[in-house]
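Got the model open in your viewer? Keep the selection box handy and we'll walk through it stop by stop.

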Amino acid sequence: MGSRLIRRCRNTLVVAVVAVVTAAAPGLPSPPGTASAAAPAFDPGPARAALERLLPSRSGQFALIPVAEPDTGDYFSVSGGAGAIQVRGTSPATLLTGVGWYLERVAGVDIGWPGDSVGRLPARLPAVSGTITRSAAVPHRYALNDTDEGYSGAYRDFSSYQRDVDLMALHGVNEVFVPTGAEYSYYRALQGFGYDAAELRAWIPGPAHQAWWLLQNMSGFGGPVSEGLIEARAALGSRIAGHLRALGMTPVLPGFFGTVPPDFAARNPGAVTVPQGRWVGFARPDWLDPTGPVFAELAAAYYRVQRHRFGDSDMFKMDLLHEGGTPGTVDVTRAAEAVQRALDTARPGATWVMLGWQKNPSATLLNGVDRRRVLIVDGLSDRYEGLDRETQWGGAPYAFGSIANFGGHTSLGANTGVWPDRFHAWLTRSDSALRGIAYLPEGTGGNPAAFDLFTELAWEPGPVDQRAWFTAYAARRYGGADPHAAAAWEQLRLGPYSGASGTWSEPQDSLFTARPSLTAARAARWSPTAMRYDSGTVERALAELLRVAPELRSSDAYRFDVVDVARQALTNRGRLLLPRIKAAYDAEDLDGFRELVREWNADEELLGRLVASDRRFLLGPWLADARSWGSDAGERDRLEYDARSILTTWADRGPSDSGGLHDYANREWAGLVQDVYAPRWAAYFESLDTALVRGTAPVAIDWFAGDDAWAHEQKAYPTAPAGDPVALAGEVGASLALVSTAARR
């Protein structure tokens with residue numbers, strides 16, 4: 001199933017050998033007894049190329065040795081003397097996983113997502129003591145949420161996606177969702193079913209919002225899209241899928257389950273469509289009844305176009321009736337059977353990937369499919385207690401998943417306290433249908449410790465000792481053991497990374513990013529309303545990070561982490577400060593109110609300078625990337641609005657205000673802090689100040705109008721960081737220490 005199938009189809013030279021040497025770096029010896037070995041199990045060239053991108057100055061010290069995959073599944077082994085490291089693996093990606101394991105466990109450095117410490121590597125790589133071997137505990141190591149492109153950046157270039165794929169391979173992932181360019185298949189196929197190009201370009205949303213169109217939640221917003229944009233995104237998606245295949249990984253492509261434009265039934269005799277109502281204020285696209293005669297024709301056209309443009313896959317992602325869709329009079333069991341039949345006709349033996357979310361997939365739906373060719377990527381494995389997926393899903397294969405981030409929030413933390421024990425308990429139960437892991441944050445590129453620990457679950461033979469794991473992580477993260485780094489990460493383990501299941505799978509978001517209110521408890525409507533851990537843990541972690549040995553502070557990983565932890569410490573203080581501001585206002589204490597507001601404003605000003613010091617926290621690249629895809633001024637402005645709106649209003653007034661989508665993708669980025677969040681709070685506090693002075697009610701403020709005006713601007717923001725991140729983090733630490741001292745008095 002999955003990546004194993006696609007690998008065997010492509011590599012026609014697979015033979016029954018245990019190990020064969022190819023592509024050894026120049027000057028490295030070949031293992032004994034291989035001179036007359038059979039043909040290689042696969043071409044390790046793509047792994048070699050990825051290694052040269054990730055580790056250009058040391059890649060020549062690795063020999064990458066392909067081995068055939070046994071019935072037990074993927075594995076890698078690492079051995080060799082100083083400067084001559086031999087990595088054996090069952091695919092190009094698994095070879096990279098072995099390299100990653102060596103870098104972390106032997107060389108003591110980290111290449112994280114984001115941040116690395118490879119600058120600490122010695123000129124000659126250290127020898128391996130004996131042989132390290134790891135086998136995958138599960139065949140499916142899946143990554144990326146349906147929403148990842150929208151919240152991680154819909155306008156990135158190939159080099160950005162390529163690095164993400166290389167990093168995922170380095171951490172053992174073998175299946176990756178690829179929605180980029182998915183609109184192309186709809187656009188081409190539907191022109192044969194009564195629609196002209198202009199109609200379809202108006203129906204397709206802007207790239208930042210397309211994830212929810214593919215989920216059948218909405219259409220049109222942020223468009224119309226141009227023919228050139230559709231073609232360019234299809235070309236990019238094809239390159240991403242090709243890169244995954246070259247590494248022996250599976251590109252998981254969007255399947256067709258019936259989303260159609262308005263008036264489809266009127267234009268196609270015999271077709272039956274079901275109105276899907278509304279999704280948080282958006283009119284949902286209609287659903288073409290899969291049991292009717294036209295569905296099979298349109299599905300065949302869709303898959304034919306998709307295969308021609310994006311190539312082969314044997315895994316396809318589809319979610320029927322996502323977040324409130326209605327079946328109408330359609331028999332859901334028969335509909336699911338028809339959807340799978342259409343997929344199987346186009347791609348015999350393919351796996352249907354579904355998201356385990358809310359009540360989906362239902363037993364009614366699963367009763368219509370061949371469960372052997374289904375993989376449910378569970379988005380709730382670590383969120384609730386008492387889950388029994390074997391019973392609920394009738395033995396359908398599933399992957400243990402986590403959505404540790406919603407909307408791309410910059411919040412630090414995850415439910416890591418749940419992962420190791422629960423994963424292994426579910427894997428080892430007598431009737432277990434657990435067949436994988438699924439890394440599913442809505443936005444990637446943050447929380448590198450969570451990514452590292454979660455992906456490691458698939459390669460450890462038993463539960464991980466988390467205290468020991470975080471201690472080891474602290475050492476490799478900065479390229480050397482340091483007592484203060486270890487102490488910092490122990491505090492983070494006890495705080496943001498102590499999350500337990502029950503209600504939430506993500507940490508609380510920032511009140512600095514919330515629409516102003518004295519009773520604000522969250523910025524995004526569906527985020528936690530209170531701290532999920534002791535805020536003191538983050539302050540103590542920052543204090544320890546600032547004492548890390550100077551020689552370890554130059555790494556990219558350290559400089560990212562010190563900004564991230566300082567940002568979180570400052571953010572958490574906002575939750576302590578706002579109730580004090582409310583108390584002063586309620587008591588009509590004008591002087592006390594003004595003093596506390598000055599503290600709030602000073603903290604937000606410091607936050608803006610802090611995040612401006614690291615490129616991962618800049619708004620500028622996000623907007624510049626969007627504009628780079630436009631072919632003329634009008635298109636550049638439309639695409640910039642698409643990119644700006646998803647971070648702020650998300651949509652028009654109805655979905656934004658009544659639907660609650662505003663600030664769903666809030667994040668503490670330089671540019672947003674200074675020009676969106678801080679001005680909102682300044683205007684609000686000014687209205688409260690005036691109310692106290694005059695003894696009147698505060699003037700109501702139209703927050704949507706202000707945010708929408710900003711979303712339609714074209715102001716350019718810096719694309720390079722400014723300021724010393726360590727010094728600015730130290731300024732945060734000093735500020736927090738001063739506040740703590742004053743509080744004790």
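**Stop 1: helix 26 and its cover**

Select helix 26 together with helix 23 (633-647), helix 24 (653-658) and helix 25 (672-694): these three are among the elements that cover the buried residues of helix 26, where contact means heavy atoms within 4.5 Å. Helices here are DSSP runs of H or I with at least four residues, strands are runs of E with at least two, and both are numbered from the N terminus. Before going on, know that this is a predicted model, in which local features need pLDDT of at least 70 and side-chain atom pairs count only at pLDDT 80 or more, while totals for chains, interfaces and linings use all residues. Residue numbers run from 1 along each chain as its sequence is written, and side-chain values use heavy atoms, with hydrogens and water left out.

Now which residues of helix 26 are buried? Within residues 703-711, pick W703, F704, D707, D708, W710 and A711; buried means under 20% relative accessible area, exposed over 50% and partly exposed in between, with a 1.4 Å probe and protein chains only. They span an arc of only 160 degrees around the axis, so they sit on the same side of helix 26; the arc is that of the directions from the helix axis to the C-beta atoms. An α-helix has 3.6 residues a turn, so residues three or four places apart point the same way.

**Stop 2: strand 2 and its partners**

Select residues 75-81, which make up strand 2: 5 of its 7 residues are buried. Add strand 3 (residues 84-89), which pairs with strand 2 in the antiparallel sense over 6 bridges; two strands pair if DSSP finds at least two bridges between them. Label F76 and you'll find G89 of strand 3 opposite. The two strands form a hairpin with 2 residues between them, and G83 in the turn has a positive phi of about 75 degrees.

Next, bring in strand 4 (residues 132-135), an antiparallel partner of strand 2 over 4 bridges. Here V78 stands opposite I132.

**Stop 3: a three-strand open sheet**

Select strands 8, 12 and 9, which form an open antiparallel sheet in the order 8-12-9. Strand 8 (259-260) and strand 9 (273-274) are at the edges with a single partner strand each, so one side of each has no neighbour in the sheet. Strand 8 pairs with strand 12 (residues 286-288) over 2 bridges, antiparallel. Pick T259 and look for its bridge partner W287 in strand 12.

**Stop 4: the open pockets**

How big is the largest pocket? Its volume is about 1,200 Å³. On a 1 Å grid over the protein atoms alone, a pocket is an open set of points with protein on both sides within 12 Å along at least five of seven lines, a cavity is a set where a 1.4 Å probe fits but cannot get out, and lining residues have an atom within 4 Å of a point. Grid points are joined across faces, edges and corners, and a volume is the space filled by probe spheres set on the points.

To centre your view, select S152, R156, S160, G445 and R616, the closest to the pocket centre of the 47 lining residues. Helix 4 (148-152), helix 5 (158-170), helix 20 (556-586) and helix 22 (620-628) each give two or more residues to this lining, and helix 5 gives the most, with 5 residues. Colour the lining by class and you get 19 nonpolar, 17 polar and 11 charged residues. Ala, Val, Leu, Ile, Met, Phe, Trp, Tyr, Cys and Pro count as nonpolar, Asp, Glu, Lys and Arg as charged, and the others, Gly among them, as polar.

Move on to the second largest pocket, with a volume of about 590 Å³. Of its 31 lining residues, E323, W357, Q358, W526 and Y664 are the closest to the centre. The lining divides into 17 nonpolar, 7 polar and 7 charged residues.

**Stop 5: the cavities**

A search of the whole structure turns up 9 cavities of 30 Å³ or more. The largest cavity has a volume of about 150 Å³, and L144, D148, Y161, V176 and F177 are the closest to its centre among 16 lining residues. Helix 5 is back here, with the largest share of that lining at 4 residues.

Last selection: W101, E104, L170, H171 and D452, the closest to the centre of the second largest cavity, which holds about 130 Å³ of space. Helix 3 provides the largest share of its lining, 6 residues.
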